[in-house]
Amino acid sequence: MKKIFAILSLALLAGCAGQAPAQEAVSTPAASEAPAETAAAETASAETAAPEAEDMTAQFEGTYVEPVAGRGTIAITAVSGDTADVVVDWPNSAADRNHWEMTASYDSETGSLVYSDCTLTNQKFDSDGKETDETVYTDGTGSFKLDGSQLLWYDDQNESVDMNVFVRADAAPEAGIVNPWTYMEDLDEAVSVSGVEFNPPVEPAVPEGLNFWQYAAIPGTIQAMYESVNDEMIIRKSTTAEGSDLSGDYNTYSKTWTVSIKGLEVTCRGDGTLINEATFGYGDSHFSIAYNTGMEGHGFTESQLNSLVNGMQ
């Protein structure tokens, strides 16, 4: 990790050695003024460089939201020109949350915030709201990089994910998916908020082990969220976004292929067998099914996809 400093180099001219005639003593005031001029120049340079240095971490400062489920958040607070405090929270359920804390430094070579002191804590809450913490590790490494309004999180401890994509909480991606989502358990309320009619898959069509958790909605988009201890599935229907802009899954997968289900062409991404993202549409409506996003090899099968698509008819 490298720090950025403003350095000012000044050349001072020395007077000639030996006895100088009195009338040539005019060089003496110039020499005596040099320290003042130098100080003024250093002050001016520092004032010019300071905002630039502050911008290095200030440009990262803010709150970011994970766009797939809208649950994970990253809060970055600039501490100085080249360091920032970072806090990441990711609820796995209402009673289970992962919490990361780290201090990141700006790397001028990569334009990233890098860290090597991350502490991951798993926080559990009982029915009375009592919190129990378990420290998972204290030496996590990784980095954050800005890409427009997106924040890319490269987490070295998670080998299944090349990067996690977050968006500024106050930004509206071009796809039209705006944060924050409104969460609810009532389907009619979700339809009212989104303005999108939605038929969730019937229970037998949902992959075994997954249970319905909650709905979420923004104008133009509705989603249903399912989870188990190890897996998560999010189904979205939208009239304003499609493809990966709808699913929010910007991970890179080994394979992209299409399957035909009831005359619909469904685009799949994953390892070529198991599906992490499926997108399709008909009429003015677009759908996405995201399953364990970024975790290639931990998706669902084409048979399960067929059941899900038919189960929403």
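Reader: Is Cys118 buried or exposed in this model?

Author: Buried means under 20% relative accessible area. In this predicted model, Cys118 has a relative accessible area of 1% and is therefore buried. Cys268, at 0%, is buried as well.

Reader: How many disulfides does a search of the whole structure find?

Author: A disulfide is a covalent bond between the sulfur atoms of two cysteines. Here, the search of the whole structure returns zero disulfides.

Reader: How should the sign of phi be read, and which value does Lys262 have?

Author: Most residues other than glycine have a negative phi. Lys262 has a positive phi, near 50°. Lys262 sits in the loop between strand 13 and strand 14 (264-270), and its relative accessibility of 57% makes it exposed.

Reader: What is the phi of Asn292, and where does this residue lie?

Author: The phi of Asn292 is positive, near 50°. Asn292 belongs to the loop that runs between strand 16 (285-291) and helix 4 (302-311). With 7% relative accessibility, Asn292 counts as buried.

Reader: Which residues gather in a patch of negative charge on the surface?

Author: Asp and Glu count as negative. The surface patch of negative charge consists of Asp186, Asp188, Glu189 and Glu197. Glu189 is part of helix 2 (residues 187-194) and is partly exposed, at 39% relative accessible area.

Reader: How far apart are Val259 and Ala278 in sequence and in space?

Author: Val259 and Ala278 are separated by 19 residues in sequence and by 9.7 Å in space, C-alpha to C-alpha. Val259 is located in strand 13 (residues 255-261) and is buried, with a relative accessible area of 14%.

Key: Residues are numbered from 1 along each chain as its sequence is written. This is a predicted model: local features need pLDDT of at least 70, side-chain atom pairs count only at pLDDT 80 or more; totals for chains, interfaces and linings use all residues. Side-chain values use heavy atoms; hydrogens and water are left out. A disulfide is a pair of cysteine sulfur atoms within 2.5 Å. Buried means under 20% relative accessible area, exposed over 50%, partly exposed in between (1.4 Å probe, protein chains only). Patches are made of residues with over 30% relative accessible area and no salt bridge: like charges are joined within 9 Å, nonpolar side chains (Val, Leu, Ile, Met, Phe, Trp, Tyr) within 5 Å. Accessible areas come from the Shrake-Rupley method with a 1.4 Å probe; for residues, only the protein chains shown count as cover. A salt bridge is a side-chain nitrogen of Lys or Arg within 4 Å of a carboxyl oxygen of Asp or Glu. The place of a charge is taken as NZ of Lys, CZ of Arg, CG of Asp or CD of Glu. Helices (H or I, at least four residues) and strands (E, at least two) are DSSP runs, numbered from the N terminus.
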